[in-house]
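Here are some exercises to work through with the model open in front of you. Try each task yourself before reading its solution.

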Amino acid sequence: KNKFDSIVAKLKQAATEQESSRFLQWRLLEQVGTLEEKDAIFDGAVGAFRDLSMDAFGNFVVQTLFQRATEEQRKGVAAELEGKIYELSTNKYGCRVVQKMLELLP
């Protein structure tokens, strides 16, 4: 297993750790990571977007993922966070994710 596979296997925990969070953000850059890697990161984060959004390091992964996501993936994140926007908006990290979503949603 390489570093990417090891981190994605425990993505929900890894995204909340400073070094792994930075690694995931780096792999999400269009000029660095592949679409398959982006999809693997997205799939690993499904079900944890709220918790990651409210984490000091996880929120950056969610923001970067949201930037790189397809329209369908963005709608999936928005659906998962439906009913949680107020909670996120009043959280010091979650509000950054809400701001990014407002910038990028149609």
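**Exercise 1. Find which residues of helix 7 (residues 71-81) are buried, and work out how they are arranged.**

Step 1: get the terms straight. Helices are DSSP runs of H or I with at least four residues, strands are runs of E with at least two, and both are numbered from the N terminus. Buried means under 20% relative accessible area, exposed means over 50%, and partly exposed is in between, using a 1.4 Å probe and protein chains only.

Step 2: pick out the buried residues. In helix 7 they are Q73, R74, V77 and L81.

Step 3: look down the axis. The buried residues of helix 7 fall within an arc of 100°, so they line one face of the helix. The arc is that of the directions from the helix axis to the C-beta atoms. Here's the background: an α-helix has 3.6 residues a turn, so residues three or four places apart point the same way.

Step 4: check the other side. There, helix 7 has E71, E72 and K75, which are exposed.

Before going on, a word about the numbers: this is a predicted model, with residues numbered from 1 along each chain as its sequence is written. Local features need pLDDT of at least 70, side-chain atom pairs count only at pLDDT 80 or more, totals for chains, interfaces and linings use all residues, and side-chain values use heavy atoms, with hydrogens and water left out.

**Exercise 2. Which helices do the buried residues of helix 7 pack against, and what follows helix 7?**

Step 1: list the partners. Contact means heavy atoms within 4.5 Å. The buried residues of helix 7 pack against helix 4 (35-45), helix 5 (49-53), helix 6, helix 8 (85-89) and helix 9 (94-104).

Step 2: go past the end. G83 follows helix 7, and its phi is positive, near 85°.

Step 3: try G76, which also lies in helix 7. Its relative accessibility is 31%, so G76 counts as partly exposed. From G76 to D39, 37 residues apart along the chain, the C-alpha separation is 13 Å.

**Exercise 3. Do the same for helix 4: sort its buried and exposed sides, then name its partners.**

Step 1: the buried residues of helix 4 are E37, K38, I41, F42, G44 and A45. They cover an arc of only 165° around the axis, which puts them on the same side of helix 4.

Step 2: the face turned away from that buried side carries the exposed residues L35, E36 and D43.

Step 3: the buried residues of helix 4 pack against helix 1 (3-9), helix 2 (11-14), helix 3, helix 5, helix 6 and helix 7.

Step 4: just after helix 4 comes G47, with a positive phi of about 90°.

**Exercise 4. Now take helix 9: which of its residues are buried?**

Step 1: G94, V97, V98, K100 and M101 are the ones. Their arc around the axis is only 160°, which puts them on the same side of helix 9.

Step 2: on the other side of helix 9, L102 and E103 are exposed.

Step 3: the buried residues of helix 9 pack against helix 5, helix 6, helix 7 and helix 8.

**Exercise 5. Look at L88, S21 and T64: buried or exposed?**

Step 1: L88 sits in helix 8. With a relative accessible area of 0%, L88 is buried. Leaving out residues up to four places away in sequence, L88 touches R50, S53, M54, L81, G94, C95 and V98.

Step 2: S21 is in helix 3 (residues 18-27). At 1% relative accessibility, S21 counts as buried. With the same sequence neighbours left out, S21 touches A14, A15, F57, F60 and V61.

Step 3: T64 belongs to helix 6 (residues 58-68). At 15% relative accessibility, T64 counts as buried. Beyond residues up to four places away in sequence, T64 touches Q25 and L28.

**Exercise 6. Step back: how many helices and strands does the protein have?**

Step 1: count them. There are 9 helices and 0 strands.

Step 2: check the overall build. The radius of gyration, taken over C-alpha atoms, is 13 Å, close to the 13 Å from the globule rule (2.2 Å times the number of residues to the power 0.38) for 106 residues, so the protein is as compact as a globular protein of that length.

Step 3: finish with burial. Buried residues make up 42% of the 106 residues.
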